[in-house]
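Student: Please take one part of this protein and go through it closely. I would like to see how that part sits among the others.

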Amino acid sequence: MLINALSAQVLCIDVQEKLLAAMLGRDELLKNAERICAAATHLGVPVTATEQSPEKLGRTDLCLRKYIQNTVPKLAFGAVDEVLLDVLLPEPGSGQNQHGQQNQYKGASGKSVPKHLRKPEPDEERDNIVLFGAEAHICVLQTAIQLLEQDLIVWVVTDACASRSLANRDAAFDRLAANGCELITTEMFVFELLRSAEHPKFKQVQALIK
């Protein structure tokens with residue numbers, strides 16, 4: 001099975017300023033995260049981010065914010081709750097943000113943005129969730145498994161994930177694969193979205209990898 005641009009969406013897990021400072025492989029994570037988000041944006045794939053305790057750990061890294069359409073703050077390590085599911089799988093006729101601004105969603109303890117301000121649902125349900133972020137063995141792992149429990153197809157971009165130790169990161173990949181996640185790399189993601197050198201945006205997207 002290959003990733004299809006019409007049925008995919010990207011979920012950026014806690015790529016936050018203060019959290020990144022403690023991560024091994026921080027630079028690689030950020031470089032590949034930006035490639036993923038830029039390619040997704042060029043090819044019409046929605047990008048959502050979660051932020052763990054943003055008042056303490058800071059916002060999503062600045063280099064990614066321009067690509068992110070929706071941001072969901074959270075306290076739980078596993079991000080999947082009614083708010084995130086409503087963002088990833090909006091109800092028909094949910095409307096859109098008319099001003100092109102990033103939607104900020106409250107966590108479970110607050111109210112969510114009114115439905116008439118949310119982005120429109122795609123023509124085809126985007127049930128393939130491509131995720132990456134930090135930490136691999138905590139928030140990425142728990143969120144991915146929760147998404148699988150919602151009968152969604154989950155792809156984890158391994159070279160855009162990090163933990164404070166390689167042992168924890170690698171153990172996370174083992175568990176994710178054992179639970180049914182597809183493990184991929186940034187280049188796999190980009191070129192599976194394109195499928196062909198004849199794609200009208202091939203050169204533009206390929207330039208992100210060079």
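Tutor: What follows is a close look at helix α8 and its surroundings.

This is a predicted model, in which local features need pLDDT of at least 70, side-chain atom pairs count only at pLDDT 80 or more, and totals for chains, interfaces and linings use all residues. Residues are numbered from 1 along each chain as its sequence is written, and side-chain values use heavy atoms, with hydrogens and water left out.

Start with the whole. The protein has nine helices and seven strands. Helices (H or I, at least four residues) and strands (E, at least two) are DSSP runs, numbered from the N terminus. Of the 210 residues, 51% count as buried. Buried means under 20% relative accessible area, exposed means over 50%, and partly exposed lies in between (1.4 Å probe, protein chains only). A contact means heavy atoms within 4.5 Å. Take the contacts with a separation of 6 or more: residues 24 or more positions apart account for 75% of them.

Now to helix α8, which covers residues 186-194. Its buried residues are T186, F189, V190, E192, L193 and L194. What do they pack against? Their partners are the strands β1 (8-13), β5 (128-134), β6 (153-162) and β7 (182-184), along with the helices α2 (26-42) and α9 (202-206).

Look at F189 in particular. Setting aside residues up to four places away in sequence, F189 touches I3, V10, I36, A40, V130 and I184. F189 also belongs to the largest nonpolar core, which has 67 residues. A nonpolar core is a set of buried Ala, Val, Leu, Ile, Met, Phe, Trp, Tyr and Cys residues joined through side-chain atoms within 4.5 Å. The residues with the most contacts inside this core are V10, F132, L147, V156 and F189.

Next comes the partner helix α2. The helices α2 and α8 pack at an angle of about 10°, and their axes are 10 Å apart. Axes are lines fitted to C-alpha atoms, for helices over the stretch in contact, and angles run from 0 to 180 degrees between N-to-C directions. The two helices, α2 and α8, are therefore roughly parallel to each other. Angles under 35 degrees count as roughly parallel, over 145 as roughly antiparallel, 65 to 115 as roughly perpendicular, and the rest as oblique. Which residues meet here, between α2 and α8? From α2 come N32, R35, I36, A39 and A40; from α8 come T186, F189 and V190. The residues of this contact divide into five nonpolar, two polar and one charged. Here Ala, Val, Leu, Ile, Met, Phe, Trp, Tyr, Cys and Pro count as nonpolar, Asp, Glu, Lys and Arg as charged, and the others, Gly among them, as polar.

Now step past the end of the helix. Just after α8 comes R195, in the loop between α8 and α9. R195 has a positive phi of about 70°, although it is not a glycine. Is R195 buried or partly exposed? R195 is partly exposed, with a relative accessible area of 49%.

Beyond that loop, look at F202 in helix α9. F202 counts as buried, at 17% relative accessibility. Leaving aside neighbours within four places in sequence, F202 is in contact with F191, L194, S196 and A197. F202 and F191 are eleven residues apart in sequence, and their C-alpha atoms are 8.9 Å apart in space.

Strand β5 is another partner of α8, and I129 is found in it. I129 is buried, with a relative accessible area of 0%. Not counting residues up to four places away in sequence, I129 touches Q9, L11, L88, L147, L152, I153, V154 and W155. How far apart in space are I129 and V154, C-alpha to C-alpha? The answer is 5.0 Å, although 25 residues separate them in sequence.

After β5 comes a loop that leads to α6, and E135 is found there. The peptide bond from A134 to E135 is cis, with omega near -20°.

To finish, put the picture of α8 together. Its buried residues pack against four strands, β1, β5, β6 and β7, and two helices, α2 and α9. F189 is among the residues with the most contacts inside the largest nonpolar core. R195 follows the helix with its positive phi.
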